[in-house]
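Colleague: Please take one part of this model and describe it closely, in a form that a first-year student can follow. Please then place it in the chain as a whole.

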Amino acid sequence: MDDQWMRRVWPPAEEGSPPSGEGLTRPYGAPGGSPRSSTPPASPQWPTRPYGGREPDRNPAEESLTGLYGAPVSERRQADRPVWPSLGLESPEPEDDLPPSARRYRAPETPPRPMPRWLRRLLVGGLALVCSAAVIGAVVVTVLHRAEDAPPTVIDDQIAGVSYTLPPEWREGVVAPVTGFTSVAARGDSATVMARSGDRVDPPNLRSAVIDLSDLYAQLLLHGDKVEVLDDRAVTVGGRPGHTRAVRAEYTDVVNEPAFMRVTLLTRPDGGSTVLLGLAHPDRPQSRAEIEGLMWGAR
């Protein structure tokens, strides 16, 4: 049975000797030579049995080539090869689509998307607005801080024999708008206080003297269509007895607003008197309060 499997199938064995004198061609060999023997070789090169059997003997020449070039291809390790042949449908490696420079210096990166022009303008405008607001706020805070730290202005009128402190936002004037007054202070065009010296007045006659003064200045300065008396009483300012009178003038036209006036007469240690005149136009509670506070603080 073993001999039957080991027989060479092709080429068939030669039964007779070839005719003499003719060079026969050996299958897969050079022409000429002795006729092929019908006896099978003692040790065939690659005997194999389909379902087991004796391992074939190796050719010495094949073993020498194995030592020189390695194991035959059929015996090399096939673990790294796929089981099924590739159909070309697999996705290539990322490096297959990259140029050699990208494999060395990394793949090129996508540039960032530029900021829209309208957004840049909006950011620049907002930044400019914030900076302007910060600068304005710093200036306002600095000015207010200095105004709070600055001492109040004190007017010392030696001719009138009186000193008085100005409220905030009030400024000392250079020349009084009414003749005879030697000092003046004002808050813009809305409120004014003036001082001057007066004649000697006895304390019992202070009220009558103040009435005369208020009537005179009401005619000169107010020119009201209707004058109403708001206050008429005796006062003591800085230890000095005196009298005060306040009036309010109204107008029939629609242009002029009501005006306020207060006249205060104070006695002096040397026998003279001091006249304080306050005017507010238009008549406002703040202006009234500031005029009265200035007069009550005189000394």
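**Strand E5 and its surroundings**

Modeller: Seven of the eight residues of E5 are buried, and the strand is thus mostly covered. Buried means a relative accessible area under 20%, exposed means over 50%, and partly exposed lies in between, with a 1.4 Å probe and only protein chains considered. The model is predicted: local features need a pLDDT of at least 70, and side-chain atom pairs count only at pLDDT 80 or more, while totals for chains, interfaces and linings use all residues. Residues are numbered from 1 along each chain as its sequence is written, and side-chain values use heavy atoms, with hydrogens and water left out.

Strands (E, at least two residues) and helices (H or I, at least four residues) are DSSP runs, numbered from the N terminus. Two strands are said to pair if DSSP finds at least two bridges between them. One partner of E5 is strand E4, residues 183-187; the two run antiparallel and are joined by five bridges. Within this pairing, Arg187 has Ala191 of E5 as its bridge partner. E4 and E5 form a hairpin with three residues between the strands, and Gly188 has a positive phi there, near 65°.

Another partner is E9. Strand E5, residues 191-198, pairs with E9 in the antiparallel sense, and eight bridges connect them. Two of the pairs can be followed by residue: Thr192 stands opposite Leu279 in E9, and Arg196 has Val275 in E9 as its bridge partner. E9 is itself mostly covered, with seven of its eight residues buried.

From E9 the path leads on to strand E8, residues 259-267, which pairs with E9 antiparallel over eight bridges. Here Val263 has Leu277 of E9 as its bridge partner. E8 and E9 also make a hairpin, with five residues between them, and Gly271 in the turn has a positive phi of about 100°.

Ser273 shows how E9 meets its surroundings. This serine belongs to strand E9 and counts as buried, because its relative accessibility is 2%. Its side chain reaches the backbone oxygen of Asp199 at 2.6 Å. A polar contact of this kind is a pair of N or O atoms within 3.5 Å; within protein, one must be able to donate a hydrogen and the other to accept it, and residues adjacent in sequence count only if both atoms are side-chain atoms. Contact in the general sense means heavy atoms within 4.5 Å. Leaving aside residues up to four places away in sequence, Ser273 touches several residues, among them Arg196, Ser197 and Gly198, as well as Leu265, Leu266 and Thr267.

Beyond E9, the chain comes to Pro282, in the loop between strand E9 (273-280) and helix H6 (285-296). The peptide bond from His281 to Pro282 is cis, with omega near 5°. In H6 lies Glu292, which is partly exposed because its relative accessible area is 23%. When residues up to four places away in sequence are not counted, Glu292 touches Phe260 and Arg262. Glu292 and Arg262 are 30 residues apart in sequence, yet their C-alpha atoms are 8.3 Å apart in space.

Two loop residues elsewhere deserve a note on their backbone. Most residues other than glycine have a negative phi, and most peptide bonds are trans. Glu169, although not a glycine, has a positive phi of about 70°; this residue lies in the loop between strand E2 (162-165) and strand E3 (171-172). His223 likewise has a positive phi, near 55°, and its place is the loop between helix H5 (206-222) and strand E6 (226-237). Glu169 counts as exposed because its relative accessible area is 56%, and His223 counts as exposed because its value is 54%.

Finally, the whole chain. It contains six helices and nine strands. Of its 299 residues, 25% are buried. Among the contacts in the chain with a separation of 6 or more, 48% join residues 24 or more positions apart. The accessible surface comes to about 22200 Å², and carbon and sulfur atoms account for 56% of that surface; such areas come from the Shrake-Rupley method with a 1.4 Å probe, and for residues only the protein chains shown count as cover. To return to the starting point, E5 is paired with E4 and with E9, and E9 is paired with E8.
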